[in-house]
Structures are given as structure tokens and as C-alpha cells.
Amino acid sequence: MKLYDYVLSGNCYKIRLFMAFLDLDYEKVGVDFYPGREHKSDSFLAINPLGQLPVLEDNGVVIRDAQAILVYLANRHDPSGQWWPQADHAQFAQVVQWLAFADSITGTSSAARLHDMLGYDLDIVAARAGAHRLFRILDSHLSQQEFEGHHWIAGPSPTIADIACFPYTALAGDGGIDTFYYPAIQRWIHRLTRLPRYHNMPGINVFA
Ligand SMILES: N[C@@H](CCC(=O)N[C@@H](CS)C(=O)NCC(=O)O)C(=O)O
């Protein structure tokens, strides 16, 4: 498998993290996202016409979108079904719901980070406000889960929904978004970083 990757991309990190959890071997193809903007080059647009990372290639199959790649990897490489549970229809729908939510986190928290770190010209006030709105929802969901004895977004075990929501929540500080006052989110980040085979990325603080 080949992952088109940029080390500071939280969406690429979702895939690197899941590959680590599944203990899979793969090849990383570095894309010069900044300052090279290689993701907008003709050769990369031929791979992903959206000009976005990540992209996974596996035996001629080309998949774009981090959430789609997580689904693909879970279906192919997690026979336990823990990461992409399908037996319980309600839980299955919950995972799908939070995968979509993760893309909204990208649209807000990641946008704020691109503004602050790479100088992207966008409405930073709207991006931060949008991220806070999502984090309030996530924090209240996680505290309700804890109340019911669950420590993860969609049930008793971590799923790809946790992986999808994790990077741009944990990296929110890079975009000037303080998640200190979301205590259930803080506990969830801590739990995730303690999972066996957890693999970090630059910018995420792992506390003992
Ligand atoms: N829905 C996509 C969003 C991917 C995305 O926004 N990737 C960023 C890098 S983290 C990117 O390539 N941005 C460039 C652009 O959108 O033009 C996913 O989840 O993979």
C-alpha cells in the first residue's frame, strides 16, 4: 500500500495512526504540501482531482478522503470488526455519523490551523467559532458516553470514528482554539494516546 502523505497533515495522520494500530506495512510518498503546493500539481491532480491529501493506493485501487480510507482499511485488515462495527445497526450508523462530523472538524479547526500556521487567507473568526460549536457537541457527547460507562465516541471500544475526530481536535491549539475547557475531550485525548501502538504526530502533546 502507498500513502500520499504530508507529515503535518492531520488527515494524513489519521491514516498513519490507523496503520500503526493495525500494525500494517505501507510506503509513504511525501507530497510537498507547503511551500511546494505539490498537491495542486498536474501530476497529483491526476491522482486526486480534488487536489487534497491523503490518498491511498492499494493494488490499483485509489482512494481519496481520510474517512473513506479508514473504512477501506478497517474492512480489509480488521477481522475483529472492532474498528468498524457493522453487526449492530445503531452503532454502525453512529460511526458513520461521527465520520461525517470529523470532516466538519477539518473544515473549521484545520482551517484555523492553516490560517495560523501557513498564512491561509480565510475567515479565522468563523473558523474558530465553528470549531468551538463542534467541540461543545463532542464534549457533551463524550461526557454522556462516560456517564453510560463508555469511553469512546461510538460504544465501548475505540472505532474509526475516534480516529477520524482525533487529530484536528488534539491539534486545535495550533489554530488558536483552546480545548482546555472541554474536560471530556481532554480525557478522551488522553485515553487515545494511551492505546497500544499509539503513534504521535508533531504538535500533539502526549501527557503521562
Ligand atoms: N475530506 C477530506 C479533506 C482532506 C483535506 O482537507 N486535506 C487537506 C490536507 S490535511 C488538503 O489537502 N487541503 C488542500 C485543499 O483542500 O485544497 C479528507 O477527509 O481527507
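A residue is called buried here if 20 or more other C-beta atoms lie within 10 Å of its own, exposed if 12 or fewer, and partly exposed in between. With that in hand, here are some close-ups of this predicted model.

**View 1. Helix α4 and its buried residues.** Helix α4 covers residues 89–118, 30 residues in total. From first C-alpha to last, α4 reaches 41 Å, close to the 44 Å expected at 1.5 Å a residue. Look for the kink of about 30° centred on T106; T106 is also one of the buried residues of α4. The others are V95, W98, L99, A102, I105, T108, S109, S110, A111, A112 and R113. The packing partners of these buried residues are α1 (10–22), α3 (66–77), α5 (124–147) and α6 (160–170). Just after α4 comes G119, which takes a positive phi of about 75°.

**View 2. The shell around the ligand.** Here 13 residues surround the ligand, and the closest are S9, N11, Q52, D65 and A66. Two or more residues of the shell come from each of α1, α3 and α4. By character, the shell divides into eight polar residues, three nonpolar and two charged.

**View 3. The largest nonpolar core.** This core holds 54 residues, and those touching the most other members are F18, L70, W98, I160, A161, A164 and C165. The elements giving two or more residues to this core are β1 (2–5), α1, β3 (55–58), α3, α4, α5, α6 and α7 (183–193). Among them, α6 gives the most, with eight residues. W98 is worth a second look, as it also features in the list of buried residues of α4. In soluble globular proteins, nonpolar side chains tend to be buried together.

**View 4. M1 at the start of the chain.** M1 sits in the segment before β1. It has 18 other C-beta atoms within 10 Å, so M1 is partly exposed. Leaving aside neighbours within four places in sequence, the contacts of M1 are Y26, L56, E57 and D58. For a sense of scale, M1 and G51 are 50 residues apart along the chain, and their C-alpha atoms are separated by 20 Å.

**View 5. L50 in its loop.** L50 lies in the loop between α2 (42–45) and β3. Why is L50 exposed? L50 has 10 other C-beta atoms within 10 Å, and 12 or fewer is the cut-off for exposed. From L50 to C165 is 21 Å, C-alpha to C-alpha, with their places 115 residues apart in sequence. C165 itself belongs to the core of the third view.

How values were computed: Residues are numbered from 1 along each chain as its sequence is written. This is a predicted model: local features need pLDDT of at least 70, side-chain atom pairs count only at pLDDT 80 or more; totals for chains, interfaces and linings use all residues. Helices (H or I, at least four residues) and strands (E, at least two) are DSSP runs, numbered from the N terminus. The expected span of a helix is 1.5 Å times one less than its number of residues. The bend at a residue is the angle between axes fitted to the seven residues ending there and the seven starting there. Two residues are in contact if their C-beta atoms, placed from the backbone, lie within 7 Å. A residue is near a molecule or strand if its C-beta atom, placed from the backbone, lies within 6 Å of it. Ala, Val, Leu, Ile, Met, Phe, Trp, Tyr, Cys and Pro count as nonpolar, Asp, Glu, Lys and Arg as charged, and the others, Gly among them, as polar. A nonpolar core is a set of buried Ala, Val, Leu, Ile, Met, Phe, Trp, Tyr and Cys residues joined through C-beta atoms within 7 Å.
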